[in-house]
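Subject: Handover of a structure and its findings

Dear colleague,

I am passing the structure below to you, together with an account of what was found in it. Please keep it open while you read.

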Amino acid sequence: MPPPPAATRTGLARAMSKLGFCSRSRATELIRMGKVSVNHVVRKNPEFPVILGQDIIIMDDVSINQAKQVYVMLNKPRGLVTSASDELGRETVFSCFEHSRLPHLSPVGRLDKASEGLLLFTNDNTWADRITNPTTHLDKTYHVQITGLVDESLLSRLKSGIHDHDEHLSAKNVTVLRTGEKNTWLEFTLDEGRNRHIRRLLDAFGIEVLRLVRVAIGPLALGDLPKGKWRELTKREVAAMR
(Lines give C-alpha, C1' and ligand atoms only; values in the text may rest on other atoms or scores of the structure.)
Protein backbone atom coordinates (compact mmCIF):
# COMPACT_ATOMS: atom_id res chain seq x y z
CA MET A 1 0.00 0.00 0.00
CA PRO A 2 1.47 3.41 -0.97
CA PRO A 3 2.08 5.94 1.85
CA PRO A 4 -0.59 8.63 2.33
CA PRO A 5 0.06 11.90 0.50
CA ALA A 6 1.93 14.53 2.46
CA ALA A 7 -0.27 17.27 3.93
CA THR A 8 -0.01 20.64 2.22
CA ARG A 9 1.73 23.26 4.31
CA THR A 10 0.96 26.96 4.16
CA GLY A 11 2.85 29.97 5.49
CA LEU A 12 1.43 31.14 8.83
CA ALA A 13 0.44 34.63 7.67
CA ARG A 14 -1.27 33.24 4.58
CA ALA A 15 -3.03 30.62 6.69
CA MET A 16 -4.45 33.31 8.99
CA SER A 17 -5.74 35.16 5.94
CA LYS A 18 -7.27 32.02 4.44
CA LEU A 19 -9.04 31.36 7.74
CA GLY A 20 -10.63 34.80 7.45
CA PHE A 21 -9.07 36.14 10.63
CA CYS A 22 -7.32 39.17 9.11
CA SER A 23 -5.46 40.30 6.03
CA ARG A 24 -2.12 38.73 5.21
CA SER A 25 -0.29 41.99 5.91
CA ARG A 26 -2.01 42.38 9.29
CA ALA A 27 -1.21 38.75 10.12
CA THR A 28 2.45 39.41 9.35
CA GLU A 29 2.44 42.31 11.83
CA LEU A 30 0.79 40.25 14.58
CA ILE A 31 3.19 37.35 14.07
CA ARG A 32 6.27 39.56 14.23
CA MET A 33 4.91 41.14 17.44
CA GLY A 34 4.91 37.68 19.03
CA LYS A 35 1.14 37.51 19.40
CA VAL A 36 0.62 34.28 17.45
CA SER A 37 1.42 30.72 18.49
CA VAL A 38 1.27 27.44 16.60
CA ASN A 39 0.59 24.34 18.68
CA HIS A 40 1.16 26.50 21.79
CA VAL A 41 4.62 27.71 20.69
CA VAL A 42 5.03 31.40 19.75
CA ARG A 43 6.19 31.80 16.17
CA LYS A 44 7.53 35.12 14.86
CA ASN A 45 8.18 33.99 11.29
CA PRO A 46 5.22 34.84 8.98
CA GLU A 47 6.35 32.05 6.64
CA PHE A 48 6.41 29.38 9.35
CA PRO A 49 4.75 26.33 7.72
CA VAL A 50 1.44 25.14 9.11
CA ILE A 51 -1.17 22.60 8.06
CA LEU A 52 -4.68 24.07 7.93
CA GLY A 53 -7.18 21.96 9.84
CA GLN A 54 -4.43 20.23 11.79
CA ASP A 55 -2.16 22.75 13.49
CA ILE A 56 -3.65 24.88 16.27
CA ILE A 57 -3.21 28.61 15.61
CA ILE A 58 -3.81 30.94 18.55
CA MET A 59 -3.72 34.74 18.71
CA ASP A 60 -3.78 36.33 22.17
CA ASP A 61 -5.07 33.10 23.75
CA VAL A 62 -7.96 32.80 21.27
CA SER A 63 -8.04 29.98 18.70
CA ILE A 64 -8.63 31.24 15.17
CA ASN A 65 -8.84 27.83 13.51
CA GLN A 66 -12.60 28.02 13.18
CA ALA A 67 -13.22 31.61 12.18
CA LYS A 68 -16.90 32.21 11.44
CA GLN A 69 -17.60 32.58 7.75
CA VAL A 70 -19.36 35.87 7.03
CA TYR A 71 -21.10 37.02 3.85
CA VAL A 72 -22.11 40.66 3.43
CA MET A 73 -23.63 42.86 0.75
CA LEU A 74 -22.99 46.60 0.61
CA ASN A 75 -24.72 49.27 -1.43
CA LYS A 76 -21.52 51.05 -2.43
CA PRO A 77 -21.80 54.83 -2.72
CA ARG A 78 -20.13 56.68 -5.53
CA GLY A 79 -16.68 58.09 -4.74
CA LEU A 80 -15.31 55.24 -2.59
CA VAL A 81 -12.33 53.10 -3.61
CA THR A 82 -12.72 49.31 -3.46
CA SER A 83 -9.66 48.47 -1.36
CA ALA A 84 -8.67 48.14 2.28
CA SER A 85 -6.37 51.16 2.04
CA ASP A 86 -5.42 53.66 -0.64
CA GLU A 87 -1.97 55.05 -1.32
CA LEU A 88 -3.52 58.38 -2.33
CA GLY A 89 -5.46 58.69 0.91
CA ARG A 90 -8.88 58.37 -0.74
CA GLU A 91 -11.81 57.07 1.30
CA THR A 92 -12.43 53.35 0.82
CA VAL A 93 -15.49 51.11 0.99
CA PHE A 94 -14.35 49.89 4.40
CA SER A 95 -15.44 53.22 5.89
CA CYS A 96 -18.98 51.83 5.57
CA PHE A 97 -18.11 49.11 8.11
CA GLU A 98 -16.80 51.35 10.88
CA HIS A 99 -17.88 50.12 14.35
CA SER A 100 -19.51 47.05 12.74
CA ARG A 101 -17.45 44.45 14.69
CA LEU A 102 -17.23 42.34 11.55
CA PRO A 103 -14.16 40.11 11.11
CA HIS A 104 -11.66 40.85 8.37
CA LEU A 105 -13.51 40.67 5.04
CA SER A 106 -12.33 41.02 1.46
CA PRO A 107 -14.34 42.43 -1.45
CA VAL A 108 -15.61 39.91 -3.98
CA GLY A 109 -14.66 41.61 -7.22
CA ARG A 110 -14.63 45.37 -7.56
CA LEU A 111 -16.53 48.48 -8.53
CA ASP A 112 -14.53 51.49 -9.69
CA LYS A 113 -14.59 54.73 -7.73
CA ALA A 114 -17.29 56.34 -9.87
CA SER A 115 -19.60 53.30 -9.82
CA GLU A 116 -22.29 52.40 -7.28
CA GLY A 117 -24.36 49.49 -6.11
CA LEU A 118 -24.03 45.86 -5.10
CA LEU A 119 -20.63 44.86 -3.73
CA LEU A 120 -20.07 41.61 -1.84
CA PHE A 121 -17.59 40.90 0.98
CA THR A 122 -16.60 37.66 2.67
CA ASN A 123 -13.84 35.78 4.47
CA ASP A 124 -14.76 32.57 2.60
CA ASN A 125 -12.19 32.45 -0.20
CA THR A 126 -13.72 29.40 -1.88
CA TRP A 127 -17.12 31.10 -2.14
CA ALA A 128 -15.52 34.31 -3.44
CA ASP A 129 -13.53 32.42 -6.06
CA ARG A 130 -16.70 30.75 -7.32
CA ILE A 131 -18.29 34.15 -7.93
CA THR A 132 -15.29 35.87 -9.53
CA ASN A 133 -14.08 32.93 -11.64
CA PRO A 134 -14.77 33.87 -15.28
CA THR A 135 -15.53 30.24 -16.19
CA THR A 136 -18.74 30.34 -14.14
CA HIS A 137 -20.17 33.12 -16.35
CA LEU A 138 -22.27 34.42 -13.47
CA ASP A 139 -24.49 37.22 -14.82
CA LYS A 140 -24.03 40.70 -13.40
CA THR A 141 -26.72 43.32 -14.00
CA TYR A 142 -26.16 47.08 -14.17
CA HIS A 143 -28.41 50.12 -14.60
CA VAL A 144 -26.54 52.76 -16.56
CA GLN A 145 -27.57 56.34 -17.26
CA ILE A 146 -26.03 57.73 -20.45
CA THR A 147 -26.15 60.96 -22.40
CA GLY A 148 -28.40 61.03 -25.46
CA LEU A 149 -31.00 58.65 -26.84
CA VAL A 150 -30.44 55.21 -28.34
CA ASP A 151 -31.92 53.14 -31.14
CA GLU A 152 -32.07 49.43 -31.93
CA SER A 153 -28.97 49.70 -34.11
CA LEU A 154 -26.86 50.91 -31.18
CA LEU A 155 -28.25 48.22 -28.88
CA SER A 156 -27.30 45.60 -31.45
CA ARG A 157 -23.77 46.99 -31.77
CA LEU A 158 -23.31 47.00 -27.99
CA LYS A 159 -24.19 43.31 -27.96
CA SER A 160 -21.88 42.57 -30.89
CA GLY A 161 -19.10 44.41 -29.06
CA ILE A 162 -15.75 45.96 -29.90
CA HIS A 163 -12.06 45.17 -29.59
CA ASP A 164 -10.08 47.40 -27.25
CA HIS A 165 -6.44 46.74 -26.31
CA ASP A 166 -6.65 43.08 -27.40
CA GLU A 167 -9.85 42.52 -25.40
CA HIS A 168 -13.32 41.85 -26.81
CA LEU A 169 -15.90 43.90 -24.92
CA SER A 170 -19.60 43.22 -25.38
CA ALA A 171 -22.87 43.01 -23.47
CA LYS A 172 -24.67 39.70 -23.09
CA ASN A 173 -27.84 41.76 -23.23
CA VAL A 174 -28.77 45.44 -23.15
CA THR A 175 -32.24 46.99 -23.06
CA VAL A 176 -33.77 50.42 -22.57
CA LEU A 177 -35.24 50.97 -19.11
CA ARG A 178 -36.52 54.51 -19.62
CA THR A 179 -35.71 57.67 -21.56
CA GLY A 180 -35.71 61.38 -20.80
CA GLU A 181 -35.36 64.36 -23.08
CA LYS A 182 -31.55 64.19 -23.17
CA ASN A 183 -30.55 60.93 -21.51
CA THR A 184 -31.37 57.23 -21.32
CA TRP A 185 -31.25 54.53 -18.64
CA LEU A 186 -30.04 51.18 -19.97
CA GLU A 187 -29.94 47.76 -18.32
CA PHE A 188 -26.74 45.88 -19.11
CA THR A 189 -26.18 42.19 -18.44
CA LEU A 190 -22.58 40.92 -18.48
CA ASP A 191 -21.45 37.32 -18.04
CA GLU A 192 -17.83 38.39 -17.70
CA GLY A 193 -16.35 41.53 -16.24
CA ARG A 194 -13.24 43.22 -17.53
CA ASN A 195 -11.74 46.39 -16.09
CA ARG A 196 -14.18 49.28 -16.65
CA HIS A 197 -16.01 47.01 -19.11
CA ILE A 198 -19.20 49.03 -19.66
CA ARG A 199 -17.50 52.43 -19.59
CA ARG A 200 -14.95 51.37 -22.23
CA LEU A 201 -17.66 49.79 -24.39
CA LEU A 202 -19.82 52.91 -24.37
CA ASP A 203 -16.83 55.21 -24.80
CA ALA A 204 -16.03 53.42 -28.07
CA PHE A 205 -19.34 54.77 -29.40
CA GLY A 206 -18.74 58.27 -28.03
CA ILE A 207 -21.31 57.83 -25.25
CA GLU A 208 -20.81 59.44 -21.82
CA VAL A 209 -21.78 57.51 -18.67
CA LEU A 210 -23.59 59.66 -16.11
CA ARG A 211 -24.27 56.93 -13.53
CA LEU A 212 -23.46 53.24 -13.29
CA VAL A 213 -25.17 51.11 -10.65
CA ARG A 214 -24.73 47.34 -10.21
CA VAL A 215 -28.13 45.99 -9.16
CA ALA A 216 -27.61 42.20 -9.18
CA ILE A 217 -25.02 39.43 -9.21
CA GLY A 218 -26.54 36.18 -10.42
CA PRO A 219 -29.77 35.61 -8.43
CA LEU A 220 -28.73 38.07 -5.71
CA ALA A 221 -30.38 41.49 -6.08
CA LEU A 222 -29.46 44.73 -4.32
CA GLY A 223 -33.11 45.42 -3.60
CA ASP A 224 -33.97 48.39 -1.39
CA LEU A 225 -30.77 48.38 0.69
CA PRO A 226 -29.98 52.08 1.34
CA LYS A 227 -26.84 53.59 -0.13
CA GLY A 228 -23.82 53.19 2.15
CA LYS A 229 -25.54 50.47 4.21
CA TRP A 230 -24.75 46.77 4.47
CA ARG A 231 -26.41 43.58 5.61
CA GLU A 232 -25.42 39.96 6.04
CA LEU A 233 -26.69 37.49 3.45
CA THR A 234 -29.17 34.82 4.46
CA LYS A 235 -28.16 31.15 4.33
CA ARG A 236 -30.40 30.71 1.29
CA GLU A 237 -28.71 33.61 -0.53
CA VAL A 238 -25.25 32.23 0.25
CA ALA A 239 -26.25 28.79 -1.02
CA ALA A 240 -27.78 30.22 -4.19
CA MET A 241 -24.41 31.73 -5.15
CA ARG A 242 -22.42 28.51 -4.75
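The notes that follow take up the aromatic residues, a strand that links several others, the pockets and a separate sheet.

Please note at the outset that this is a predicted model, and that the values below are computed from it.

Aromatic residues

A search of the whole structure finds five aromatic pairs. In one of them, Phe94 and Phe97 meet edge-to-face, with 6.0 Å from centre to centre and 70° between the planes. Phe94 is partly exposed, at a relative accessible area of 22%, while Phe97 counts as buried because its relative accessibility is 9% and the limit for buried is under 20%.

Phe94 also pairs with Phe121, again edge-to-face, at 5.6 Å centre to centre and with 80° between the planes. Phe94 lies in the loop between strand E7 (71-76) and strand E8 (106-108), whereas Phe121 belongs to strand E9 (residues 116-122), so this pair ties together parts that are 27 residues apart in sequence. Phe121 has a relative accessibility of 0% and therefore counts as buried. Phe94, Phe97 and Phe121 form one aromatic cluster together with Trp230.

Strand E9 and its partners

Which strand surroundings does Phe121 share? Seven of the seven residues of E9 are buried, so the strand is largely enclosed by the rest of the structure. E9 pairs with E7 in the antiparallel sense over six bridges, and Lys76 has Gly117 in E9 as its bridge partner. E8 and E9 are joined by three bridges and also run antiparallel; here Val108 has Leu120 as its bridge partner in E9. With E15 the direction is parallel, and two bridges join that strand to E9. Gly117 appears here as well, with Arg214 as its bridge partner in E15.

Pockets

The largest pocket holds about 580 Å³ of space. It is lined by 28 residues, of which Arg110, Tyr142, Gly193, Arg194 and Arg214 are the closest to its centre. Arg214 is thus found both at this pocket and in the bridge to Gly117. Helix H3 (125-132), strand E10 (140-147), helix H5 (197-203) and strand E15 (209-217) each contribute at least two residues to the lining. By type, the lining of the largest pocket consists of 10 nonpolar, nine polar and nine charged residues.

The second largest pocket has a volume of about 190 Å³. Its lining is made up of Ala84, Phe94, Phe97, Ser100, Arg101, Leu102, Pro103, His104 and Leu105. Phe94 and Phe97, which line this pocket, are members of the aromatic cluster described above. The lining of the second largest pocket divides into six nonpolar residues, two polar and one charged.

A four-stranded sheet

Strands of a sheet pair through backbone hydrogen bonds, in either a parallel or an antiparallel sense. In this model, four strands form an open sheet in the order E3-E2-E5-E6, with antiparallel pairing. Strand E3 (41-42) and strand E6 (62-63) are the edge strands, each pairing on one side only. Strand E2 (residues 36-38) runs antiparallel to E3 and is joined to it by two bridges. Within this pairing, Ser37 stands opposite Val42 in E3.

With kind regards

Conventions
Residues numbered from 1 in each chain as written. Predicted model: local features only at pLDDT ≥ 70, side-chain atom pairs only at ≥ 80, totals over all residues. Heavy atoms only, no water. Phe/Tyr/Trp six-rings, centres within 6.5 Å; stacked < 30°, edge-to-face > 60°. Buried < 20%, exposed > 50% of the residue type's maximum accessible area, 1.4 Å probe, protein only. 1 Å grid on protein atoms, 1.4 Å probe; cavity = no way out; pocket = protein on both sides within 12 Å on 5 of 7 lines; lining within 4 Å. Points joined across faces, edges and corners; volume = space filled by probe spheres on them. Nonpolar A, V, L, I, M, F, W, Y, C, P; charged D, E, K, R; others polar. Pairing = 2+ DSSP bridges.
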